[in-house]
Amino acid sequence: MNGTFYGWYFKCQSDTQTLAIIPAVHGTGKKQTCSVQIITENGAWTVSFPGSAFHRIGQNISIGKNRFNRNGIRLAIQEPKLRVHGKLNFGQLSPVKYDIMGPFALLPYLECRHSVWSMRHTVSGIVFISGQKYHFRNACGYWEGDRGQSFPKAYAWTQCFFKGGSLMLSVADIPIAGFHFKGVIGIVLWHGREYRLATYLGARIVRLQDGVVRVVQGDMELEARLLDKDAVRRDGQTLKAPAMGNMVRTIHENAACRAFYRFRTGKRTLFSFKTNGASFEYEYPM
């Protein structure tokens with residue numbers, strides 16, 4: 001392995017609790033390590049493992065005694081200051097119609113490639129984190145992944161469930177062939193229908209400042225707005241992110257914060273709402 005990483009992001013959310021889990025493998029040169037990150041509204045923990053603890057067969061990953069696949073998650077972590085155990089079962093996944101990267105998936109030398117495995121599925125089960133019980137019963141789940149060398153230097157990402165669907169939106173500074181551009185990828189799942197916004201489909205950013213991301217594509221417009229623009233850095237949890245394969249970068253994610261979303265197509269506003277359950281990373285200056 002030469003300066004690369006591969007990771008999955010699983011989000012599980014009920015009306016009262018949010019839990020995100022990130023299993024990953026990363027390394028530089030001949031040194032390979034892996035990790036499991038746990039994020040809740042109230043804390044974040046990173047547990048490191050030797051590279052030999054990581055095994056993958058297709059969409060089945062194991063890190064030590066922890067298991068991750070399309071059917072669910074089994075956690076078994078016992079550290080001096082952290083005990084995590086439990087099992088979560090997933091219902092039928094809602095995959096996107098085709099690779100979220102579109103034709104960019106064919107480009108070599110991208111520093112980060114994104115995948116979306118399920119926009120929304122049910123989650124049922126119980127996880128204990130140092131005695132704290134996280135109980136999910138027909139709750140909502142989301143599953144995505146990243147691979148490459150490094151996270152973008154500057155980016156914003158958000159994901160949210162809502163009645164009738166789910167959305168994700170990401171904008172990022174993309175370096176390629178000696179120049180940079182701001183790329184867009186986004187999916188709105190609305191009552192079973194997929195709406196996609198992406199640079200390769202003509203999407204462009206019309207606002208990216210003060211915790212607001214607004215993207216237009218043809219007659220579609222999607223806006224995501226942090227209602228407390230300092231919430232991610234003030235209340236967000238500290239996570240580790242890859243830089244040339246090493247998990248040395250610090251980013252911040254608020255797993256469940258206050259945000260506003262609006263999606264328009266043509267003359268119709270399909271939804272416009274505020275929520276306390278938005279997940280947000282905003283790695284741009286505020």
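How many bridges join strand β12 to strand β21? Let's start there. Before I answer, keep in mind that this is a predicted model.

Okay, the answer is four, and β12, which covers residues 155–162, runs antiparallel to β21, which covers residues 268–282. If you want a spot to look for on your screen, try Ala156, whose bridge partner in β21 is Tyr282.

Now stay with β21 and look at its other partner here, β20. That strand takes in residues 246–265, and nine bridges join it to β21, again antiparallel. One pair to pick out is Cys257, which stands opposite Ala278 in β21. The two strands make a hairpin with two residues between them, and in that turn Gly266 has a positive phi of about 65°.

While we're on β20, let me point out Arg249, which is found in that strand. Is Arg249 buried or exposed? Well, it counts as buried, because its relative accessibility is 17% and the cut-off for buried is under 20%. So what does its side chain reach? A polar atom of that side chain lies 2.6 Å from the backbone oxygen of Pro152, and the side chain also gets to the backbone oxygen of Lys153, at 3.0 Å. If we skip neighbours within four places in sequence, the residues in contact with Arg249 include Phe151, Tyr155, Leu239, Ala241 and Glu283.

Right, on to the cores. In general, nonpolar side chains in soluble globular proteins tend to be buried together. Here, the largest nonpolar core has 32 residues, and Ile21, Phe68 and Leu88 have the most contacts inside it. Take Ile21: leaving out residues up to four places away in sequence, it touches Phe68 and Leu88, and its other contacts include Trp8, Phe10, Val36, Ile38 and Ile73. Apart from that core lies another one, of 31 residues, with Ala203, Met220, Ala259 and Tyr284 among them.

Last stop, the empty space. The largest pocket holds about 350 Å³. Its lining has 21 residues, and the ones nearest the centre are Gln13, Ser14, Asp15, Cys140 and Phe161. Which elements give two or more residues to that lining? They are β11, spanning 132–148, along with β12 and β21. So we end up back at the pair we opened with, the strands joined by four bridges.

That's my tour, thanks.

Definitions and conventions. Residues numbered from 1 in each chain as written. Predicted model: local features only at pLDDT ≥ 70, side-chain atom pairs only at ≥ 80, totals over all residues. Heavy atoms only, no water. Core = buried A, V, L, I, M, F, W, Y, C linked by side-chain atoms within 4.5 Å. Buried < 20%, exposed > 50% of the residue type's maximum accessible area, 1.4 Å probe, protein only. Contact = heavy atoms within 4.5 Å. Pairing = 2+ DSSP bridges. Polar contact = N/O pair within 3.5 Å; in protein donor to acceptor, adjacent residues only side chain to side chain. 1 Å grid on protein atoms, 1.4 Å probe; cavity = no way out; pocket = protein on both sides within 12 Å on 5 of 7 lines; lining within 4 Å. Points joined across faces, edges and corners; volume = space filled by probe spheres on them.
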